[in-house]
Amino acid sequence: MTTNAEISSPGREKLEENLAKVEQLTQRLLGALASHKPINSALGGPDPMLYAQAVTAYWQDWMKNPTKVFEQQVGYWGKSLQHYLEANQALAEGKLTPPDDTGPTDKRFGNPLWDSHPYFNFIKQQYLINAGAISAAVDQIEELDPTEKRRLRYFAQQITDMMAPTNFFATNPDALQKAIETEGESLVKGLENLVTDLEANNGELVVRLVDEEAFEVGGNIATAEGKVVWRNRMMELIQYSPTTKTVHDIPVVIFPPWINKYYILDLKPQNSLIRHIVDQGYTLFVVSWVNADASYRDVGLEEYIDDGYLTAMRLVREICGTKQVNAVGYCIAGTTLALTLSLLKKRGDKQVKSATFFTTLTDFSEQGEFVPFLQNDFIDGIEKEIEISGILRSFIMSRTFSFLRSTDLIYTPAIRSYMMGETPPAFDLLYWNGDGANLPGKMTMQYLRGLCQRNEFSEGRFELMGETLDLRDVDVPLISIAAETDHIAAWKDCYRGVQKMGSKSKRFILSESGHIAGIVNPPSKKKYGHYLNPDLKLSADDWQAQADFHEGSWWPTWEAWLSKRSGKKVPARTPGDSDHPVLCDAPGTYVRVRANQ
């Protein structure tokens, strides 16, 4: 590691010049922070009673079994004291080297100095000792509700991750080395990045994960050829131009989630599911949802179903001259597709020939990694925020999802951008991830209270549009695709919902990878495989254990299933008709509206 003595005189002058720039940037920083628009304080963390309950449970453990608690404390003290003595002994002997056992590996501590330099190794090992002690203390609490214990474990881990020495400049060898090597330039660029992010988000710290200047919707992403053939308050309907002379008679309509933009399915030609479907000879329509603002405060699931799903399917049938459509729903749009199918069942309407669900939750009896955020303290906070703003702002959702993977999605990007002064990468997937949308207030609370918290749809008691909707009413031929490492829609939860659906013709596909890569998995990549098993009566674990594994993408498997439900071949259809004129080129106008922070 470079020392101060090794910095040349010109280098020191450059360093001092850069440090002076830091002073100037600090004024911009203060101005950005002054423009901060605070969100409702109830969103800041869990109910303090959670920690009070934990303390009470810990005290009860102490009273009932003091030996266990003493053993835990003495064990922690012993490890810390031994660690301190070993480091001091090495220094006393003039050995500026770490001990033989440099501690467990951790991807945050990739710099060799964490193991070779006694200062950094001491910090790393003590941090790992502290983290282990906190984790053990939570695990050993017995007199605490399982849900509350799970939440306590999550928030304890968040605190541990936040306090990692890599997150602080003085104890991050990568940042220190780069500051010296660049004569302080990295600090200037880092502070510029920080100030830019704050200014762009009204004083709210949202770490920029991608170089936003590198992408343009409709320019180098979302470029599949098509036309907007309808527009209302809720959506634009895009019909894609055919690439084959003939197409299947029954068209396909995709309902993407309105939490994010639809173009995750059309990032670039090489991995575009939209292009793939069109190339297989289907007439394809995709809904592009509006990005809600405060005027959408009272828009609920009713409007999404009536002005979105039912309107889109009616238009698709009119344009194509068919009685039925094949419908696809992704994530929350898949959940709402299931609600729509239940509603149609109640009405005796058979306009949907088949349904496809991508990473779709319909049974919320298990809340997975979202348990910490689906309890009343957080939902009450969201409700208060909605009362003020009328919407659930995109950045609040984005921040919540990021904290499920805080090291990868918050701290590591922040270190690279603010401490190292690096420019965020030009990565199309991360660009899409940051291009979120706001949610209408009423719809948000219907989803969080009725579906997530009370699980009313799965239990057959979700009241909507004059009907009582029941998951068991979803009886059209269906196929569900889930992703093995999905941390948003856990595959076992998706599977359980499919098991409860009333269809006599249903299939389940388990793709490798996660919420996005498990779906955006083109055959040309030959990257992620998938599992198939026709027996959906098995438990999730048994289903996977007995499933056949297939190399490569699930897309061809799905297309083979879909083609059997798509009718004969007819001449290819160009977008729109005399009653539904083309309004503009794809990707349309709604997708270009950015969410206000």
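**Close-up 1. Surroundings of Q239 in strand β2 of the predicted model.** Q239 belongs to β2, the strand that covers residues 235-240. With a relative accessible area of 0%, Q239 is buried, because residues under 20% are classed that way. A polar atom of the Q239 side chain lies 2.8 Å from the backbone nitrogen of G576. G576 is also listed among the contacts of Q239 when neighbours within four places in sequence are left aside. The other contacts of Q239 on that list are G226, K227, V229, T283, L284, F285, I319, R573, T574 and P575.

**Close-up 2. The largest cavity and its lining.** The structure holds two cavities of 30 Å³ or more. The space in the largest cavity is about 60 Å³. Its lining includes P256, P257, W258, N260, K261 and Y262. V287, S288, W289, V290 and N291 line the largest cavity as well, and A437 is also one of its lining residues. By class, eight residues of this lining are nonpolar, three are polar and one is charged. K261 is a lining residue of the largest cavity, and Lys counts as charged. Among the nonpolar residues are W258 and W289.

**Close-up 3. The second largest cavity, with residues of α9 and α19 in its lining.** About 40 Å³ of space lies in this cavity. The residues that line the second largest cavity are H276, I277, Q280, Y282, W555, W558, E559 and L562. Two elements, α9 (273-279) and α19 (555-563), each give two or more residues to this lining. Helix α19 provides the largest share, four residues. Five residues of the lining of the second largest cavity are nonpolar, two are polar and one is charged. E559 is among the residues of this lining, and Glu counts as charged.

**Close-up 4. Two buried cysteines, C320 and C452.** The relative accessible area of C320 is 9%, so C320 is buried. C452 is likewise buried, with a relative accessible area of 4%. A disulfide is a covalent bond between the sulfur atoms of two cysteines. The structure holds zero disulfides.

Technical notes
Residues are numbered from 1 along each chain as its sequence is written. This is a predicted model: local features need pLDDT of at least 70, side-chain atom pairs count only at pLDDT 80 or more; totals for chains, interfaces and linings use all residues. Side-chain values use heavy atoms; hydrogens and water are left out. On a 1 Å grid over the protein atoms alone, a cavity is a set of points where a 1.4 Å probe fits but cannot get out, and a pocket is an open set with protein on both sides within 12 Å along at least five of seven lines; lining residues have an atom within 4 Å of a point. Grid points are joined across faces, edges and corners, and a volume is the space filled by probe spheres set on the points. A disulfide is a pair of cysteine sulfur atoms within 2.5 Å. Buried means under 20% relative accessible area, exposed over 50%, partly exposed in between (1.4 Å probe, protein chains only). A polar contact is a pair of N or O atoms within 3.5 Å; within protein, one must be able to donate a hydrogen and the other to accept it, and residues adjacent in sequence count only if both atoms are side-chain atoms. Contact means heavy atoms within 4.5 Å.
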